[in-house]
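Reader: I'd like a close look at one part of this model, namely the sulfur atoms and what surrounds them. Take your time, and put it in the context of the whole chain afterwards.

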Amino acid sequence: MSETVLSLKDFRVTFPTLLGDVQAVRGIDLDVHAGELVGVVGESGSGKSVTFLGVMGLLPKSARITGSATIRGTELVGASNKVQRAVRGKRIAMIFQDPLSALNPVHKVGAQIVEMLQAHQNLSKDAANKRAVELLDLVGIPQPDQRAKQYPHEFSGGMRQRVMIAMAIANDPEVLIADEPTTALDVTVQAQILEVIQRVQRELNAAVVFITHDLGVIARIADRVQVMYAGRAAERGEVHDILLRPTHPYTQGLLDSLPATGRERLTPIAGAPPNMLRPPPGCAFGPRCPHFAADVCAATLPVLRPFGAVETACLRAEELQAEVAR
Ligand code: ADP
Ligand code: MG
């Protein structure tokens with residue numbers, strides 16, 4: 001296995017509110033290695049974005065972050081502003097669903113990439129301009145020298161997404177976080193953007209975290225996947241293991257709600273995720289789980305543990321496997 005680049009240990013995020021503490025992220029342990037793409041998947045509200053916005057230092061000041069998040073040993077939790085500024089946009093970068101939120105409408109895209117470059121590297125104006133055009137070329141923008149002189153609104157959605165990726169990789173980040181970057185795009189453009197992200201993974205040997213609610217996207221690009229539910233990991237492993245033989249009923253539920261050829265209709269998971277002001281003491285998926293057993297599932301907070309080729313948090317994984325085998 002290649003070197004660990006990003007490492008989370010008991011990473012937690014709590015938002016104090018008038019109604020009480022929203023426990024959005026409740027203890028995540030995750031290592032991402034150089035050149036690896038880890039998919040993070042789960043329904044809306046499972047804590048995917050908050051986890052990695054917290055790692056990036058992009059949450060509101062009121063958010064309480066505990067545990068550890070390191071990039072090759074540099075601690076980000078509680079880091080000084082100086083360390084955060086040096087790391088963000090340089091060693092770790094993030095791309096979002098909506099590129100317009102990351103781009104400045106009144107500046108030409110080339111100038112914005114130049115600014116990103118000069119914030120972290122000692123480059124002359126000429127060298128930075130040249131590098132900006134190279135980056136636009138790298139992410140597959142045709143006629144990059146012309147396009148560098150245009151404004152964000154002159155680009156299509158897919159092309160704007162490429163510009164944001166060019167900005168994110170301008171300083172050769174060790175970690176790239178992609179938060180639903182293709183969710184708003186049509187299928188053809190989505191495939192192109194996935195290819196660009198894979199090229200970044202290979203050419204920069206970056207540790208990539210790809211957040212999505214779509215297991216279909218995970219199947220196409222991820223090496224490993226972590227399934228999240230209610231601010232914790234439900235299951236983690238190599239993509240082919242998790243998708244072929246899910247050990248957690250929540251993952252099975254996500255798979256059953258995927259559109260697949262030859263299937264008459266989709267079966268969404270019944271019920272809704274728990275209120276994160278008061279998550280259940282036992283398995284958070286228990287109230288929605290077809291295999292819920294009160295004596296086991298309501299009593300113990302499940303922890304990710306090795307199970308066959310993967311890691312699972314299902315307290316009944318052994319029993320359920322035995323049932324399937326019978
Ligand atoms: P996902 O990205 O998996 O859809 P999020 O990470 O955005 O989910 O949200 C996780 C939980 O944190 C949700 O319950 C959400 O309502 C809550 N949350 C996010 N931001 C805030 C905030 N600023 N204040 C209070 N609660 C928040
Ligand atoms: Mg999100």
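**The cysteines and their surroundings**

Author: Start with Cys-283: its closest cysteine sulfur belongs to Cys-297 and sits 6.1 Å away, so the two are too far apart for a bond. A disulfide is a covalent bond between the sulfur atoms of two cysteines, and here the test is a pair of cysteine sulfurs within 2.5 Å. Before going on, keep in mind that this is a predicted model, where local features need pLDDT of at least 70, side-chain atom pairs need pLDDT 80 or more, and totals for chains, interfaces and linings use all residues, while side-chain values use heavy atoms and leave out hydrogens and water. As for labels, residues are numbered from 1 along each chain as its sequence is written, with chains lettered from A and ligands numbered from 1 in the order written.

Cys-314 tells a similar story: the closest cysteine sulfur to its own is in Cys-289, 6.4 Å off, which is too far for a bond. By the rule above, the disulfide count is zero. Both of these cysteines are tucked away, with Cys-283 at 15% relative accessibility and Cys-314 at 7%. Buried here means under 20% relative accessible area, exposed means over 50%, and partly exposed is in between (1.4 Å probe, protein chains only).

Cys-314 also leads us to His-248. Setting aside neighbours within four places in sequence, His-248 is in contact (heavy atoms within 4.5 Å) with Cys-314, and also with Ala-234, Glu-235, Phe-285, Thr-312 and Ala-313. His-248 lies in the loop between helix H9 (239–244) and helix H10 (249–256), and at a relative accessible area of 5% it is buried. Helix names follow DSSP runs numbered from the N terminus: H or I over at least four residues for a helix, E over at least two for a strand.

Now to other parts of the chain. Leu-117, in helix H3 (residues 109–120), has its C-alpha 40 Å from that of Glu-311, with their positions 194 residues apart along the chain. Leu-117 is buried too, at 0% relative accessible area. Beyond four places in sequence, its contacts include Leu-123, Ala-128, Arg-131 and Leu-135.

Ala-86, in helix H2 (residues 81–87), is partly exposed at 44%. Its C-alpha is 7.5 Å from that of His-120, though they're 34 residues apart in sequence.

Helix H1 is worth a stop as well. Eight of the nine residues in H1 (residues 48–56) are buried, so the rest of the structure largely encloses it; among them are Phe-52, Leu-53 and Met-56. Right after H1 comes Gly-57, with a positive phi near 80°.

Zooming out, the chain has twelve helices and twelve strands, and 50% of its 326 residues are buried. Its radius of gyration is 21 Å, which agrees with the value near 20 Å for a compact globule of 326 residues; that value is taken over C-alpha atoms, and the globule rule is 2.2 Å times the number of residues to the power 0.38. The C-alpha trace spans about 70 × 50 × 40 Å along its principal axes. Of the contacts between residues at least 6 apart in sequence, 65% join residues at least 24 apart.
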